[in-house]
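Here's a quick briefing to read with the model open beside you. Take a look at the sequence and the fold before you start.

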Amino acid sequence: MTAVEILQIWIIAFFTLALFSFMYKDNPVYKVAEHIFAGLTAGYQVGLIWDTIILQQVWDPMIGGKYYLIIPGILGCLMFTRFSSRFSWVSRVSLAFVMGVTSGIFLISQLHGLVLPQMRDTMIPLVDGGGFGASLLAVIVVVGVLSTLIYFYFSKEHTGALGVTAKVGIWFIMIAFGAHFGYTVMGRVSLLIGRMQFLVEDWVGSFAHIF
Amino acid sequence: MSFWDKVEGIDRRWIYLMVGLMVLIPFIFPAKFPISITPEAQSLFDAVEAVPDGSTVMVVFDYYPSTIAECEPMAVAAFHHFFRKNCKIITLSNIPLGGPSMAEMVSRSMAEQYGKEYGIDFVNLGYKYGYVAVLSGMGVSIESIFPADNSGTPLSELPLMDSIVNYEQVAFIWEIADNATADYWASIVNAQYGVPMVCGATAVMAPKFYAFVAAGQFLGLLGGMKGAAEYELLLGETAAATVGMGAQSLVHLLIIGLVILGNLGFFLGRRYREKKR
């Protein structure tokens, strides 16, 4: 392990412990770590956008002969007019372009790639030769989808049959929330395990190289 | 003040301490819990097995460094499996913070282990801003979106990329994500270009993607550290996720106990106060 690697490990360990210290109570070391992280992230993003967008996608190809790239370049610059109350209306040209393109792309991808495949998967045969278990699951899927959709139907008061179905929908939603919560706990614990793994294996492991 | 009132009012720092100890102890005294294989992980393994040997595949590093504990074991497992099958791997990322460098780290260390060479057996395209445009654009030409790799070498100078124009030459995609980019891989690349795809997602994201597996948009799914541990088990590689599952199981037991205790405290404490009145 080189000196630079050890230094890197110690810096990571310092910031990990500094952020963990918030669990006891708010303190200046935590604040320092938090501000350094915010500053680094902002700086990194600016550098990255400059390099991967302005240079790589606009400036370099334009210098290389793709002069039409000046159009998106100008549209991008127009966005900065929002800082002026007098000329902020000009930025609407760029915004209109962004909104048009985005809705066009998303309409196709969401409809073709998400809504239709998911709907198709809901319209499954209740008896498909997979046995009683498969049929039961298919029924649960259909009942779950319909009752949840009815819960979100607000044009009629939820009374009578509509109210009962909506209540079934709430149960399905609650079960889904429970599953999400369980997975979220697992995810957050995993993150802690990751940091502990680093502290025990890498940081404590580096002691042997120093002392 | 009754015992249950005390339970209800316990300082949260005691809970942090208990969770911390439960995580720490298995690293000092390893705790082994059985890991069962879910159908989704098995399907993912089978899907990778079905990829013809020597094909070109993509491994996408769409996760931030904060979720490295869940996602990196999946990336390592993906490299193990693909390199064992002599597949050529193209890596890329739609995540600016860390994605390209994590791809670089994992691919270089795995390549060293399997004796693979950069540019011939694997390439890291790095990061490009605007994932919708990137994913759509690569369907026409990968080189138009990534004229150079992560370290600035033009794709024309990398032998692996000689025969790769767009998704048509990519046999399989393994997306590893801690965010919504997996939706776009399914809705743009899988739906519009028909590339077979699997997903390794953080536990927080995983419940959403079960529907994608059911609809056949993803051929398999790994959910969080547990999913990664299942895959390590299927590969016969005991690594970070399997080791971490000991701590994971202990903390889950603790949390279940605390939830039961908290609920008992709430109901019995209320009954105690009512009786007292």
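The points below cover chain A as a whole and then the core of chain B.

This is a predicted model, so to speak in its terms: local features need pLDDT of at least 70, side-chain atom pairs count only at pLDDT 80 or more, and totals for chains, interfaces and linings use all residues. Residues are numbered from 1 along each chain as its sequence is written, while chains are lettered from A and ligands numbered from 1 in the order in which they are written.

**Chain A**
- Chain A has 6 helices and 0 strands, counted as DSSP runs (helices H or I, at least four residues; strands E, at least two) numbered from the N terminus.
- Its C-alpha trace spans about 70 × 60 × 40 Å along the principal axes.
- The radius of gyration of chain A is 27 Å, against near 17 Å for a compact globule of 211 residues (C-alpha atoms only; the rule is 2.2 Å times the number of residues to the power 0.38).
- Just 6% of the 211 residues in chain A are buried (20 or more other C-beta atoms within 10 Å of the residue's own, with C-beta atoms placed from the backbone).

**Core and Tyr167(B)**
- The largest nonpolar core (buried Ala, Val, Leu, Ile, Met, Phe, Trp, Tyr and Cys joined through C-beta atoms within 7 Å) has 90 residues, and Trp185(B) and Phe209(B) are among those touching the most other members.
- Helix H4 (residues 68–84) of chain B gives the most to this core, 11 residues.
- Tyr167(B) sits in the loop between helix H7 (142–145) and strand S4 (172–177) of chain B, and counts as buried because it has 20 C-beta neighbours inside 10 Å.
- Tyr167(B) and Val195(B) are 28 residues apart in sequence but 7.0 Å apart in space, C-alpha to C-alpha.

Key: A residue is buried if 20 or more other C-beta atoms lie within 10 Å of its own, exposed if 12 or fewer, and partly exposed in between; C-beta atoms are placed from the backbone.
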